[in-house]
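Here is my note on the model you sent round. Please read it with the structure open beside you.

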Amino acid sequence: MPQRSFRQPSVSSIDRTQSDPTASETTPKLRFKWKKDGKLSKDYVCSLSGKNTNPDGSKRKTNEPDITLSIFKHLKEVTMYEPNLSRVEMEDPKGLEIVLLLSAIVIREVYNGHLRETFNVSEVPSRL
């Protein structure tokens, strides 16, 4: 998910012709991942992947720990941690909350639901 989602206001017509920051490859992006809490549990945990803290940009193992943002309990309720959400460096925090809610619904419907009901698929047509 991009860190900056809005273009900086400008009076210049050149700035207005540029593409949105969300489509740009140079916009820094954050990685979120959903993990199952345990093998027998139906709980999922969403966390922000740790960022590389090396000043030279090398890929040595000096990452920040993952930040837990939300927990999806029993495929019914989403709990978001407000203190951890404020630690995420994003321009649009409400957009992040919406993305977390929608991704929880997708996890429930696609990965733990019946695919025929999810995609509204009827019986397989028989060939003549």
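The points below take the strands and then one loop residue.

1. Keep in mind that this is a predicted model.

2. Start with strand 3, residues 67-73. This strand is mostly covered. Of its 7 residues, 5 are buried.

3. Strand 3 has a partner in strand 2, residues 44-48. The two run antiparallel and share 5 bridges. To find the register, look at Cys46: its bridge partner in strand 3 is Ser70.

4. Strand 3 also pairs with strand 4, residues 77-80. This pairing is antiparallel too, with 4 bridges. Here Phe72 sits opposite Val78 of strand 4.

5. Now check the turn. Strand 3 and strand 4 form a hairpin with 3 residues between the strands. What sign does the phi of His74 have in this hairpin? The phi of His74 is positive, near 50°.

6. Next, the loop. Ser41 lies between strand 1 (32-36) and strand 2. Is Ser41 buried or partly exposed? Its relative accessibility is 22%. Buried means under 20%, so Ser41 counts as partly exposed at that value.

7. Ser41 also has a polar contact within this stretch of chain. Its side chain reaches the backbone nitrogen of Asp43 at 3.0 Å.

8. Finally, compare sequence and space. Ser41 and Lys73 are 32 residues apart in sequence. Their C-alpha atoms are 9.1 Å apart in space. Lys73 falls within the residue range of strand 3, 67-73.

Definitions and conventions
Residues are numbered from 1 along each chain as its sequence is written. This is a predicted model: local features need pLDDT of at least 70, side-chain atom pairs count only at pLDDT 80 or more; totals for chains, interfaces and linings use all residues. Side-chain values use heavy atoms; hydrogens and water are left out. Buried means under 20% relative accessible area, exposed over 50%, partly exposed in between (1.4 Å probe, protein chains only). Two strands pair if DSSP finds at least two bridges between them. A polar contact is a pair of N or O atoms within 3.5 Å; within protein, one must be able to donate a hydrogen and the other to accept it, and residues adjacent in sequence count only if both atoms are side-chain atoms.
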